[in-house]
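Hi,

Here is the structure I said I would pass on. Have a look at it first, and my notes on what turned up follow below.

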Amino acid sequence: MISDLDFWVLTLLLGLGTFLIRFSFLGIFGGKEMPEWALLHLRYVGVAVFPAIFMPLVVWPPATDGTVDPIRITAALAALVVGLRVNVIFSIIAGMATFYALRFIF
Amino acid sequence: MTALTPRKAFWRGYLDCAPFILIVIPYSMLFGVVARDAGLDLFQTMSMTVLVIAGAAQFTALALLQDNAPVFIALLTSLAVNLRMAMYSAALVPHIGHARFSVRALMAYLMVDQAFAVCVKTYEERPDMPPAAKVAYYFGCMMLICPFWYGFSFVGAYVGQAIPASLSLDFALPICFIALTGPLLRSVPHYVAALVSGVSILLFSWVPWNLGIMVAASLAMISGAQTELYLRRRAAKGAA
């Protein structure tokens, strides 16, 4: 059971901290030019962060207590291939459809 | 192409982010369900959703609190999950950094992964977009995502355990991030960065407090940038 005090301390500080992270550069450097080296690296923010978020969830999913699940890996690959070829929405549909279809079959 | 008015840009952002409703709905409902399951009441669940609006961090905070982790560790871990948004913040400066302070504060509050990805993709594809249109486009994206995030967290918290765990809605989260990555893989350096990120997070999963994400992302950004510089040098040599 989560105590009320723990919950509110965590939620208020997490809300404030998250806002400060989001506001960091927008708030401090707003309107200033970014140097070329920074822009060069920032082009890769998305492709650098997203795989780091989804890879552990695909390879070691918390829902299976971290054991490798071939169905999830196959569904993830389906989503990736369709995402490369078509677009975001079909990528999600392909991923979830593959996931449910394989779970239904096996 | 005619110049984009802020009003048109707002609605374009709104429509460009529309597909994400399909992810935001199950994901936010899942948060509501999990939060109630962890023993939070409706007001607590909604307070967290409105104050934080960051799914991955909210799930992390819940998981650690439920695990009886000290509040301090739960806070640091969840903030570490959100550190990526410092990079988003920096990436947005060249596009919307000109806005008023209060507007920037509101934009910061509303910053979420999916809408950020759509915004940056559009800004890069349309460098001719006027600054005011870029700000309007940003709000269009966020204004679509955020009400759904609040609304369906509420629905999830309200219906509670009515959703069977056998649906495995948890898998919508990685699928969502995969779907966001696919369209970003536009060039060899992008592929290199994504590969380095995916491999390093597995190698650095032992790093405490989810800081492995920051390690993997930093290595991946450096790899992408260096690959781009290498390819540029090689192209210059080939041309000479």
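Half-buried is a fair start for chain B: 50% of its 240 residues count as buried (that is, 20 or more other C-beta atoms within 10 Å of the residue's own; 12 or fewer would be exposed, anything in between partly exposed, with C-beta atoms placed from the backbone). Before you dig in, note that this is a predicted model, where local features need pLDDT of at least 70, side-chain atom pairs count only at pLDDT 80 or more, and totals for chains, interfaces and linings use all residues. Residues are numbered from 1 along each chain as its sequence is written, while chains are lettered from A and ligands numbered from 1 in the order in which they are written.

Overall fold of chain B

Chain B has 12 helices and 0 strands (DSSP runs numbered from the N terminus, H or I of at least four residues for helices and E of at least two for strands). Its radius of gyration is 20 Å, which agrees with the value near 18 Å for a compact globule of 240 residues (taken over C-alpha atoms; the rule is 2.2 Å times the number of residues to the power 0.38). Along the principal axes, the C-alpha atoms of chain B fill a box of roughly 65 × 45 × 35 Å. Among contacts in chain B with a separation of 6 or more, 77% are between residues 24 or more positions apart (contact means C-beta atoms, placed from the backbone, within 7 Å).

Helix α9 and the core

Helix α9 of chain B covers residues 131-159 and reaches 43 Å from its first C-alpha to its last, close to the expected 42 Å (1.5 Å times one less than its number of residues). Just after α9(B), G160(B) takes a positive phi of about 55°. The largest nonpolar core (buried Ala, Val, Leu, Ile, Met, Phe, Trp, Tyr and Cys residues joined through C-beta atoms within 7 Å) has 115 residues, and A79(A), C141(B), I145(B), C176(B) and A220(B) touch the most other members. The largest share of this core comes from α9(B), with 13 residues. Leaving out residues up to four places away in sequence, C176(B) touches I92(A), I23(B) and Y27(B).

Where the chains meet

In the interface, 63 residues of chain A are in contact with 79 residues of chain B. On the chain A side, α1(A) gives the most, with 18 residues. That side divides into 44 nonpolar, 14 polar and 5 charged residues (Ala, Val, Leu, Ile, Met, Phe, Trp, Tyr, Cys and Pro are nonpolar, Asp, Glu, Lys and Arg charged, and the others, Gly among them, polar).

A216(B), if you want one residue to click on

A216(B) sits in helix α12 of chain B, residues 212-239. A216(B) is buried because 28 other C-beta atoms lie within 10 Å. Not counting residues up to four places away in sequence, A216(B) touches A52(A), S197(B), S200(B), I201(B) and F204(B).

Domains

The domain assignment gives chain B domain 1 (6-164) and domain 2 (185-240), with bounds from an automatic or database assignment. The centres of these two domains, taken over C-alpha atoms, are separated by 26 Å. Their contact takes 7 residues from domain 1 and 6 residues from domain 2 of chain B. Helix α5 (residues 71-82) of chain B gives the largest share of the domain 1 side, 4 residues.

Cheers

Notes
Contact = placed C-beta atoms within 7 Å.
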